[in-house]
Amino acid sequence: MSDNPEDTLYPVPARLLDAKQCPEPYISSIEQYQKMHRQSIEHPEEFFGKVFCLDHGDIAWFLEGQLNASYNCVDRHAIATPDKVAMIYEADEPNQSEHITYGDLLRKVCQLAGALRARGIRKGDTVAIYMPMIPEAVVALLACARIGALHSVIFAGFSAEALRDRIKDANSRIVLTSDQGKRGGKTIETKKIVDEALKSCPSVETVVVCQRTGASEVPMTPGRDVWWGEEVSRQPTYSAPEVMYSEDPLFLLYTSGSTGQPKGVMHTTAGYLLGAAATVKYVFDYHPGDIFACMADVGWITGHTYIVYGPLALGATTVLFESIPTYPTPSRYWELIAKHKVTQFYTAPTAIRALRRLGDSWLEGHDLSSLRVLGTVGEPINPEAWHWYNDKVGKGRCAIVDTYWQTETGCHIVTPLPGAIATKPGSATFPFFGIDLAILDPVTGKELVGNDVTGVLAVKRAWPSIARTIYGDHKRFMETYLRPYPGYYFTGDGATRDKDGYIWIRGRVDDVINVSGHRLSTAEIESALIMHPTVAEAAVIGANDDVTGQCIHAFVCLKPGISSHSNDLTKELVVQVRKVIGPFAAPKKIYLVEDLPKTRSGKLMRRILRKIVAGEKDSLGDISTLADPGVVAALIVKVESS
Ligand code: WTA
């Protein structure tokens with residue numbers, strides 16, 4: 001076997017194609033995939049339904065359609081199979097799991113929908129959700145969808161300041177939250193963070209507080225804060241869904257771009273729901289009776305699409321995991337799979353790398369035979385991690401699907417299909433249905449046709465689940481995604497199409513970094529640092545990290561007269577970033593430096609910092625354009641000595 005990962009091809013595991021062992025995959029050959037993919041591109045109106053789509057960002061699908069996402073995800077199944085388990089809540093403590101049927105879910109969703117309506121929330125309003133991974137979080141999304149309000153979930157790892165900015169940007173009048181959160185045995189003071197955020201959010205009139213722990217006194221602001229339990233208990237167990245048009249907005253989800261300001265990516269109802277359902281069906285080869293377990297947080301797009309909307313649209317049983325892979329021991333994932341007989345398991349390469357490091361013994365004694373499809377998402381998976389996942393977790397009997405997508409794409413856009421596509425470790429393989437993929441020359445924007453090409457990844461035309469706009473800033477939507485390469489949606493990632501046509505994602509080509517699958521912008525972290533009174537300037541880069549994929553290194557210039565010899569100062573700067581963004585954005589290293597590499601026009605050359613940190617000081621490229629090429633030597637000394 002060659003060492004080149006492009007040369008190793010892993011066929012579809014025979015077990016998946018054996019009718020005695022597994023349900024027949026929907027797509028069971030590469031030819032069938034190719035035929036359907038071609039049809040989805042050439043005749044989208046036949047493949048998906050009525051389309052209206054121009055190059056100006058006027059994207060619309062199923063124009064005459066009316067539907068309601070909560071009806072599709074809940075009522076349909078509650079009517080047909082009320083006792084079927086919709087959600088398995090695997091609580092932080094392993095002995096506290098709970099099963100919620102479709103019938104239960106419908107009642108909970110309706111009661112919260114009624115409570116929101118009673119509080120004056122109407123179609124088109126935005127609802128901020130800042131909650132731990134408890135069933136009420138899923139209920140919250142669906143209740144918003146039911147009344148036509150746009151949910152705006154803010155990941156519970158964000159700080160009070162980050163939460164405040166997102167509530168303000170969306171102009172939310174209501175926040176749904178909990179008293180506390182539980183994660184890995186630790187308690188998180190969720191409500192206190194909300195209180196802090198709301199000190200400067202005049203738009204918020206109501207805070208609905210769910211009891212997760214009930215363990216301590218939670219200060220309630222009279223006239224603003226109300227208990228979830230009391231609110232919903234006043235409501236009847238049925239509340240009719242709002243009739244929504246296909247293109248009515250379903251939700252906002254804030255994500256990081258190349259500037260400091262987070263953007264509220266907006267998805268609409270029909271196209272998004274179709275993408276979510278279609279990928280659960282085809283990419284995870286979901287069959288009735290399967291138990292679907294996505295380990296993401298509901299605060300990110302992966303949780304939206306693959307914990308909530310995709311599985312529930314298909315009437316599946318979805319797992320909601322509140323804990324972390326190492327609590328109480330590093331066997332937690334494997335216990336969860338064995339206990340609930342999980343058939344599809346979906347996690348991030350970071351988690352796989354971390355568990356692999358802890359050794360194989362944690363896998364022993366857990367029956368993983370129910371598994372058929374193992375997915376990864378969020379960052380490129382290195383071949384070592386891929387093999388461990390395939391061999392130790394999947395025992396060579398499961399399909400591995402390395403799914404590439406983004407908040408903006410709504411669902412997977414490049415991915416293997418379990419029964420049809422032979423995989424290569426580290427390659428996301430081929431475009432999903434409806435995705436007319438292109439690799440462009442980054443400079444000329446010309447499409448690089450044929451195989452064996454590397455450039456930036458783009459999509460040639462709209463597909464149903466593509467985001468429609470950035471909330472309140474359509475100009476920015478156009479400038480970020482549709483204008484850089486006219487005629488294409490620009491992903492921001494680099495990619496290679498190898499000699500066999502397989503796609504390899506090479507990582508971001510903009511100033512976005514990816515730490516443990518969390519997407520962050522360098523500008524966002526830099527502006528957090530600059531808010532500290534001692535900091536004059538900051539430059540942030542992503543460096544390679546064995547476990548988290550990338551980690552954050554920050555170069556900081558202090559204001560004149562401030563001593564750089566204090567150890568406490570770097571600690572304080574880390575705290576600063578945690579406070580402004582959240583703990584997951586904390587820099588791993590901070591270098592206090594005299595100067596940063598800039599061009600004569602003042603543009604920061606992060607590329608040079610990346611090279612220095614990577615130890616590639618002999619390939620810094622042309623540094624003669626720097627205003628002061630002398631800074632480079634000082635930076636090298638600094639990095640090498642720390
Ligand atoms: C990266 C997460 C390589 C990529 C669903 C993308 C990946 C960004 C993969 C989106 C993958 C996601 N292989 N890179 N399979 N999946 N990415 O919006 O850089 O949080 O642009 O959505 O994650 O991150 P986001």
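## Exercises on a predicted chain

Contacts (heavy atoms within 4.5 Å) between residues 24 or more positions apart make up 71% of those with a separation of 6 or more in the protein chain. The model is predicted: local features need pLDDT of at least 70, side-chain atom pairs count only at pLDDT 80 or more, and totals for chains, interfaces and linings use all residues. Residues are numbered from 1 along each chain as its sequence is written, and side-chain values use heavy atoms, without hydrogens and water.

**Exercise 1.** Compare the radius of gyration of the protein chain with the globule rule.

*Solution.* Step 1: the chain holds 18 helices and 30 strands; helices (H or I, at least four residues) and strands (E, at least two) are DSSP runs numbered from the N terminus. Step 2: the rule, 2.2 Å times the number of residues to the power 0.38, gives 26 Å for 642 residues, and the radius of gyration, taken over C-alpha atoms, is 24 Å, so the chain is as compact as a globular protein of that length. Step 3: the C-alpha trace spans about 70 × 65 × 55 Å along its principal axes.

**Exercise 2.** Give the strand order of the open sheet of 7 strands and identify its edges.

*Solution.* Step 1: the order is 5-4-17-16-18-19-20, with mixed pairing; two strands pair if DSSP finds at least two bridges between them. Step 2: strand 5 (98–101) and strand 20 (399–403) each have a single partner strand, so they stand at the edges with one side lacking a neighbour in the sheet. Step 3: from one strand to the next, the twist averages 20 degrees. Step 4: strand 16 (residues 291–294) and strand 17 (residues 317–321) run parallel, joined by 3 bridges; I291 stands opposite T317. Step 5: helix 13 (residues 383–393) packs on the sheet, touching strand 18 (344–347), strand 19 (373–377) and strand 20, and its direction makes about 160 degrees with that of strand 19 (axes are lines fitted to C-alpha atoms, for helices over the stretch in contact; angles run from 0 to 180 degrees between N-to-C directions).

**Exercise 3.** Determine which residues of helix 18 (residues 631–640) are buried and what covers them.

*Solution.* Step 1: V631, V632, L635, I636 and V639 are buried (under 20% relative accessible area; exposed is over 50%, partly exposed in between; 1.4 Å probe, protein chains only). Step 2: these residues lie on the same side of helix 18 because their arc around the axis is only 135 degrees, taken from the directions from the helix axis to the C-beta atoms. Step 3: the face turned away from the buried side carries the exposed A634, V637 and E640. Step 4: the cover includes strand 29 (549–558), strand 30 (589–593) and helix 17 (606–613).
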